[in-house]
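Welcome! Here is a short, friendly tour of one protein model, with the sequence and the 3D view to keep beside you as you read.

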Amino acid sequence: MTTAHEVPGDRLVEETAEEVKELDAVEPPEWARFAKTGRNRELPPEEDDWWYVRTASLLRKVYIEGPIGVSRLKKAYGGKDRKGVERAHHEEGSGSVIRTALQQLEEEGLVEQKGSDGRVASSGGQKFLDGIASDIADEILAE
């Protein structure tokens, strides 16, 4: 059985985003049209389906690195902020975007909290990602 560890991450996130769009609990909130994804960004994302891509990416990261908390995810989804003449330094990503997406994944049963250690992929979430990874592996072998 192929797992999410064995396929290219970008391809897995792409395919997972398409599957996540069909889930009932995962919907972009009203404020998502106007929200930046971090302090280092000047504008909100231009893509219409960015919420689903971010949610799919979070699901993959929780599966691979879990248990992981919002604080570490904010660090991972942040980036370099240029301060004009000052030296650039790292800024964290938006905690609200990450928390809301994780809560939606919890409602769907793909992610669960593991005490104060953070969140992990539930058995349903692992099965969900591994199924998509298996399909991708089959496509790669067929090429």
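Let's begin with one residue: E106 counts as partly exposed, because its relative accessibility is 25%, a value that lies between the 20% limit for buried and the 50% limit for exposed. Keep in mind that this is a predicted model. From E106 we can move on to its charged partner, then to the other salt bridges, the core, two helices and a hairpin.

**Salt bridges**

- Some background first: side chains of opposite charge can pair when their charged atoms come close.
- The side chain of E106 forms a salt bridge with that of R119, at 2.4 Å from N to O.
- This pair ties together distant parts of the chain, since E106 belongs to helix α4 (residues 95-108) and R119 to strand β4 (residues 119-121), 13 residues apart.
- Is R119 buried or exposed? R119 is buried, because its relative accessible area is 10%, and buried means under 20%.
- E18 and K21 also meet through their side chains in a salt bridge, at 3.8 Å from N to O.
- E18 is partly exposed at 43% relative accessibility, and K21 is partly exposed too, with a relative accessible area of 32%.
- Another salt bridge joins the side chains of R72 and E65, with 3.7 Å from N to O.
- Here R72 is partly exposed at 46% relative accessibility, while E65 is partly exposed with a relative accessible area of 35%.
- How many salt bridges does a search of the whole structure find? The search finds eight.

**The nonpolar core**

- The largest nonpolar core has 35 residues, and the members that touch the most others are L12, L73 and L102.
- Five elements give two or more residues to this core: α1 (9-20), α2 (50-65), α3 (70-76), α4 and α5 (123-142).
- Which element gives the most to this core? That is α2, with eight residues.
- Take L12 as an example: leaving aside neighbours within four places in sequence, L12 is in contact with A4, V7, R60, L129, I132, A133 and I136.

**Helix α1**

- The 12 residues of α1 should span 16 Å at 1.5 Å a residue, and the end C-alpha atoms of α1 are indeed 16 Å apart.
- L12, which we met in the core, is one of the buried residues of α1, together with V13, T16, A17 and V20.
- Why do the buried residues of α1 line one face of the helix? Seen down the axis of α1, they fall within an arc of 135°, so they line one face.
- A helpful rule for picturing this is that an α-helix has 3.6 residues a turn, so residues three or four places apart point the same way.
- On the other side of α1 you will find D10 and E14, which are exposed.
- The cover over the buried residues of α1 includes α2 and α5.

**Helix α5**

- α5 has 20 residues and reaches 28 Å from its first C-alpha to its last, close to the 28 Å expected at 1.5 Å a residue.
- The buried residues of α5 include F128, L129, I132, A133 and I136.
- What covers the buried residues of α5 includes α1 and α2.

**A hairpin and a cis bond**

- Strand β1 (residues 79-83) and strand β2 (residues 86-91) pair in the antiparallel sense over four bridges.
- Within this pair, D81 stands opposite H89 in β2.
- Two residues lie between the strands of this hairpin, and G84 takes a positive phi near 70° there.
- The loop between α2 and α3 holds P67, and the peptide bond from G66 to P67 is cis, with omega near 0°.
- For comparison, most residues other than glycine have a negative phi, and most peptide bonds are trans.

How values were computed:
Residues are numbered from 1 along each chain as its sequence is written. This is a predicted model: local features need pLDDT of at least 70, side-chain atom pairs count only at pLDDT 80 or more; totals for chains, interfaces and linings use all residues. Side-chain values use heavy atoms; hydrogens and water are left out. A salt bridge is a side-chain nitrogen of Lys or Arg within 4 Å of a carboxyl oxygen of Asp or Glu. Buried means under 20% relative accessible area, exposed over 50%, partly exposed in between (1.4 Å probe, protein chains only). A nonpolar core is a set of buried Ala, Val, Leu, Ile, Met, Phe, Trp, Tyr and Cys residues joined through side-chain atoms within 4.5 Å. Contact means heavy atoms within 4.5 Å. Two strands pair if DSSP finds at least two bridges between them. The expected span of a helix is 1.5 Å times one less than its number of residues. The arc is that of the directions from the helix axis to the C-beta atoms.
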